[in-house]
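Colleague: I would like to go through this structure with you. Could we begin with a single residue and work outwards?

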Amino acid sequence: MSPSSRTLAELKKQGYIAQSVERYNSFSKTRTDYLGVIDIIAFKPGILGVLGVQATTESHAIARVGKALKEPRLSSWLKCNNLFEVWAWAKQGPRNKAKHWRLKRRRVVERSNILGWYELEEVEESCPPKPNLTFDFRN
């Protein structure tokens, strides 16, 4: 099961209406994300805006966050009361025991025209975000 499939299943489990917006270009044999960074969009009745998600593995998560921070169109997405998160999946567990898939979410935010990110609690949607922000100053 791919990270996108896992993410779609988790979003639906949390009550979101979600769909993949990543497209495959058969001519160039490449995948194209919406706005260059969004694989899946999701919305939920009662929550303002649309959630854009980049689904990946934990080993590629920081690179995906870095790519998102450099994408100028993401700023416009966020200014329209939408959210953007990188959802990273990893198989974890004790040595010589059954491994389980764990989700780590990182939310990208904009404050004073500066994009930054912070980690959300694993899997649980209703947890309050951690207050410490990591900012990346773009040129």
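Modeller: Certainly. Please note that this is a predicted model. A suitable starting point is Arg64, which lies in helix α2, residues 61–70.

Colleague: Is Arg64 buried, exposed or partly exposed?

Modeller: Arg64 has a relative accessible area of 28%, so it is classed as partly exposed.

Colleague: Which residues is Arg64 in contact with, leaving aside its neighbours within four places in sequence?

Modeller: With those neighbours left aside, Arg64 is in contact with Gln54, Thr56 and Val86. Gln54 and Thr56 fall within strand β5, residues 51–57, and Val86 falls within strand β6, residues 83–92.

Colleague: How far apart are Arg64 and Ala88 in space?

Modeller: Their C-alpha atoms are 9.5 Å apart, while 24 residues separate the two in sequence.

Colleague: Then let us turn to β6. Why is β6 described as largely enclosed by the rest of the structure?

Modeller: Seven of its 10 residues are buried, so β6 is largely enclosed by the rest of the structure. Buried here means under 20% relative accessible area.

Colleague: In which sense do β5 and β6 pair, parallel or antiparallel?

Modeller: The pairing of β5 and β6 is parallel, over seven bridges. Leu51 stands opposite Leu83 in β6.

Colleague: And how many bridges join β6 and β7?

Modeller: There are nine bridges between β6 and β7 (residues 100–111), and that pairing is antiparallel. Within it, Ala90 has Arg102 in β7 as its bridge partner.

Colleague: A change of topic: the loops on either side of β6. What is the phi of Asn81?

Modeller: Phi of Asn81 is near 65°, a positive value in a residue other than glycine. Asn81 lies in the loop between α3 (72–79) and β6. Its relative accessibility is 48%, so Asn81 counts as partly exposed.

Colleague: Where is Asn96?

Modeller: Asn96 is in the loop between β6 and β7. Its phi is also positive, near 60°. Asn96 counts as exposed, because its relative accessibility is 75%.

Colleague: Why remark on the sign of phi?

Modeller: Most residues other than glycine have a negative phi.

Colleague: Finally, the whole protein. How many helices and strands does it have?

Modeller: The protein has three helices and nine strands. From the N terminus the order is α-β-β-β-β-β-α-α-β-β-β-β.

Colleague: What share of the residues is buried?

Modeller: Of the 139 residues, 39% are buried. The protein exposes about 8,500 Å², and carbon and sulfur atoms supply 53% of that area.

Technical notes. Residues are numbered from 1 along each chain as its sequence is written. This is a predicted model: local features need pLDDT of at least 70, side-chain atom pairs count only at pLDDT 80 or more; totals for chains, interfaces and linings use all residues. Side-chain values use heavy atoms; hydrogens and water are left out. Buried means under 20% relative accessible area, exposed over 50%, partly exposed in between (1.4 Å probe, protein chains only). Helices (H or I, at least four residues) and strands (E, at least two) are DSSP runs, numbered from the N terminus. Two strands pair if DSSP finds at least two bridges between them. Accessible areas come from the Shrake-Rupley method with a 1.4 Å probe; for residues, only the protein chains shown count as cover. Contact means heavy atoms within 4.5 Å.
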